[in-house]
Amino acid sequence: MKKTLVLIFSLGLVSILLSSCAKKTLKDYAAKHGVKTGVAVAVSDLNNEEHLQIIRENSSIVVAENCMKWESVHPGKTTWNWNEVDRMIEFAEKNKIAVKWHTLFWHNQNPRFLSSLETREQALEVMDEHITTIMTRYKGRISEYDVVNEMFNEDGTMRETIWYKTIGPDYIEHALIKARETDPNAKLFLNEYNNEEQGNKKADAMYEMVKDFVKRGIPIDGVGFQLHLATIYPYNAVAVKSNIRRYADLGLEVSFSEVDVRMPVPPSENSLKTQTKIYSSLAKLAKEEPNVTSFITWGFTDKQSWVPYTFTGYGDALLYNRDLKKKPVYEAVLQEFAKK
Ligand code: XIL
């Protein structure tokens, strides 16, 4: 009896010691600064144990790369494809990972039936039905939504999407109000690219719109900076920081929502250095600015990224190489979050 007790006690002690010595991961370090880390997950990842392992190791939040977009989840007026969405959410829940819905409204990857919408009334009805069907089904299981994605042109005017043309510029606030009403606990984001630097026309237009929303009590919790960056373009950390801060002043969060930093391939030493600088700077901003709540990369391995087929001649934008090994830039990001 005594021997058994001693054995149980020692086993317990060993397991406590082992868990306290377990190597801290990127997501652990980021969590200390109130930042969730994660990746965009492709449906094919769900069938690949090696990929799933990397996603588990790095994610406290995941976002679907494609399966929650209209053409995939709601391809016909009365047709819904829940299968892949359910699988992704089940995987996340099993691993205690939060899920962000990307995206309720966008101008891309839409089903054909949306182009037949003509009147404001028709469009509002379809919009509301999309919101209520999804947000009721997943109430309490999706922690945040990209309610509208990419609503601006580069010059700061509003993009003339199907929603803009049929409903008018107030389609965004309408969507936010309906979304809040349907699941009051979900965080609501508006997501954009090239909106990270204060002084850029698109960034300023977005800020002005959101400021007006806050003033008028339109529900919104934060803004996503996609941050699809490239080593060949200037990157201005000071302008990103001041932009983050003006959202903080409005009481809003900022999500680094789709980070990748592409470079001409094969990569030069210089590009690699620039990439590391940009990634580290973003990690530092996420760490230091209290209202930056997530740091999500758009995928994880260079083997599987939208970059090479979207930007000819570019690649190597992510933190894992084609052999699923962590790149030096991964370590740089980890170190940045690990530092006080
Ligand atoms: C991309 C996906 O990565 C691709 O697989 C798909 O073919 C096109 O869309 N901004 C966004 C994302 O908000 O939804 C886009 O994702 C990348 C740019």
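**Exercise 1. Find the polar side-chain contacts of the ligand, starting with His102.**

Start at His102: one of its polar side-chain atoms lies 2.7 Å from an oxygen atom of the ligand. That fits the cut-off for a polar contact, a pair of N or O atoms within 3.5 Å (within protein, one must be able to donate a hydrogen and the other to accept it, and residues adjacent in sequence count only if both atoms are side-chain atoms). Before you go on, note that this is a predicted model, where local features need pLDDT of at least 70, side-chain atom pairs count only at pLDDT 80 or more, and totals for chains, interfaces and linings use all residues. Residues are numbered from 1 along each chain as its sequence is written, and side-chain values use heavy atoms, with hydrogens and water left out.

Next, go to Asn149, where an N or O atom of the side chain is 2.9 Å from a ligand oxygen. Then try Glu258: a polar atom of its side chain also lies 2.9 Å from an oxygen atom of the ligand. As for cover, the ligand has 420 Å² of accessible area on its own, and the protein covers 84% of that (Shrake-Rupley method with a 1.4 Å probe; for residues, only the protein chains shown count as cover).

**Exercise 2. Describe the shell around the ligand.**

First, get the count: 14 residues surround the ligand, each with a heavy atom within 4 Å of it. Now pick out the closest: Glu65, Lys69, His102, Glu258 and Trp298. Last, sort the shell by class, which gives 4 nonpolar, 6 polar and 4 charged residues. Here Ala, Val, Leu, Ile, Met, Phe, Trp, Tyr, Cys and Pro count as nonpolar, Asp, Glu, Lys and Arg as charged, and the others, Gly among them, as polar.

**Exercise 3. Say where the ligand sits, and what lines that place.**

The ligand sits in the largest pocket, as more than half of its atoms lie within 2 Å of the pocket's grid points. On a 1 Å grid over the protein atoms alone, a pocket is an open set with protein on both sides within 12 Å along at least five of seven lines, while a cavity is a set of points where a 1.4 Å probe fits but cannot get out; lining residues have an atom within 4 Å of a point.

The pocket holds about 590 Å³ of space, a volume being the space filled by probe spheres set on the points, which are joined across faces, edges and corners. Its lining has 30 residues, with Tyr193, Gln226, His228, Trp306 and Phe311 closest to the centre. By element, β7 (228-230) gives the most, 3 residues. Helices (H or I, at least four residues) and strands (E, at least two) are DSSP runs, numbered from the N terminus. By class, the pocket lining splits into 12 nonpolar, 11 polar and 7 charged.

**Exercise 4. Look for enclosed spaces.**

A whole-structure search turns up 2 cavities of 30 Å³ or more. The largest cavity has about 100 Å³ of space. Around it are 14 lining residues, and Gly38, Val39, Asn58, Thr297 and Leu319 are nearest its centre. Sorting that lining gives 9 nonpolar, 5 polar and no charged residues.

Now the second largest cavity, with a volume of about 30 Å³. Among its lining residues is Glu65, which you met close to the ligand.

**Exercise 5. Spot the unusual backbone geometry.**

Keep a rule in mind: most residues other than glycine have a negative phi, and most peptide bonds are trans. Back at His102, a cis peptide bond joins it to Thr103, with omega about 0°. Thr103 belongs to strand β3 (residues 98-105). Another cis bond links Val265 and Pro266, with omega about -5°. Finally, check Lys96: its phi is positive, near 55°, and its place is the loop between α5 (83-94) and β3.
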